[in-house]
Amino acid sequence: MIQPQIETKLMHSFDPVYVDVINESYMHNVPEGSESHFKVVVVSAQFEGQRLITRHRAVNQCLADELANHIHALAIHTYTESEWQQQLNAPASPKCHGGSTLDK
């Protein structure tokens with residue numbers, strides 16, 4: 001299972017105050033039970049003073065093996081604690097342009 005593996009790696013790498021890994025594969029035209037499309041939300045003090053691109057690169061590096069071998073798409077939402085207090089949730093993911101099983 002890829003989802004718990006992603007959660008474990010993010011917890012270990014970023015010591016987050018909040019982490020959420022959402023399997024969004026069901027929103028895409030993939031077989032039932034797939035683990036190919038994910039959204040991750042990571043709130044960590046490590047992101048203080050970092051630009052968004054730097055944060056995303058860090059998440060991509062953390063999940064390099066999963067991205068190379070298992071994950072087709074990854075939506076990344078990274079926040080500092082103060083940013084998260086203002087936000088309190090990540091934006092919804094857009095509909096899949098390649099066709100969704102929800103459209104059928």
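**Close-up views of a predicted model**

**View 1. Ser44 and its polar contacts.** The side chain of S44 comes within 3.0 Å of the backbone nitrogen of Q46. That same side chain reaches the backbone oxygen of F14 at 2.7 Å. These values come from a predicted model. S44 belongs to the loop that links strand 2 and helix 2. Is S44 buried or exposed? Its relative accessibility is 0%, so S44 counts as buried. Leaving aside residues up to four places away in sequence, S44 touches F14, D15, P16, Y79 and T80.

**View 2. The three-stranded sheet.** The sheet is open and has 3 strands, in the order 1-2-3. Its pairing is mixed. Why is one side of strand 1 and of strand 3 left without a neighbour in the sheet? Both stand at the edges, each with a single partner strand, so nothing in the sheet flanks the other side. On average, neighbouring strands are turned by 10° against each other, direction ignored.

**View 3. Strand 1 beside strand 2.** Strand 1 covers residues 18–23. It pairs with strand 2 in the antiparallel sense, over 6 bridges. Which residue of strand 2 is the bridge partner of I22? The partner is K39. V19 stands opposite V42 of strand 2.

**View 4. Strand 3 beside strand 2.** Strand 3 spans residues 73–79. Here the pairing with strand 2 is parallel, with 7 bridges. V43 of strand 2 has Y79 of strand 3 opposite.

**View 5. Strand 2, enclosed.** Strand 2 runs over residues 37–43. How many of its 7 residues are buried? The count is 7 of the 7, so the strand is largely enclosed by the rest of the structure. In a regular strand, side chains alternate between the two faces of the sheet. In strand 2, H37, K39, V41 and V43 point one way. F38, V40 and V42 point the other way. Residues of both sets are buried.

**View 6. Two helices on the sheet.** Helix 1 lies across strand 1 and strand 2. It runs at about 160° to strand 1. Helix 2 packs on the sheet as well, and touches strand 2 and strand 3. The direction of helix 2 makes about 130° with that of strand 3.

**View 7. The largest nonpolar core.** In soluble globular proteins, nonpolar side chains tend to be buried together. The largest nonpolar core in this model has 15 residues. Which residues have the most contacts inside it? They are I6, L10, V40, V59 and L74. Helix 1 (2–14), strand 2, helix 2 (52–62) and strand 3 each supply at least two residues of this core. Helix 1 gives the most, with 4 residues. Look next at V59. It touches L10, F14, V40, L74, I76 and T78, not counting residues up to four places away in sequence. A second core is separate and has 5 residues, among them V41, Y79, W84 and A90.

**View 8. Ala58 in helix 2.** A58 sits in helix 2. Its relative accessible area is 24%, so A58 is partly exposed; the cut-off for buried is under 20%. F47 is 11 residues away from A58 along the chain. The C-alpha atoms of the two are separated by 9.7 Å.

How values were computed: Residues are numbered from 1 along each chain as its sequence is written. This is a predicted model: local features need pLDDT of at least 70, side-chain atom pairs count only at pLDDT 80 or more; totals for chains, interfaces and linings use all residues. Side-chain values use heavy atoms; hydrogens and water are left out. Buried means under 20% relative accessible area, exposed over 50%, partly exposed in between (1.4 Å probe, protein chains only). Two strands pair if DSSP finds at least two bridges between them. A nonpolar core is a set of buried Ala, Val, Leu, Ile, Met, Phe, Trp, Tyr and Cys residues joined through side-chain atoms within 4.5 Å. Contact means heavy atoms within 4.5 Å. Axes are lines fitted to C-alpha atoms, for helices over the stretch in contact, and angles run from 0 to 180 degrees between N-to-C directions. A polar contact is a pair of N or O atoms within 3.5 Å; within protein, one must be able to donate a hydrogen and the other to accept it, and residues adjacent in sequence count only if both atoms are side-chain atoms.
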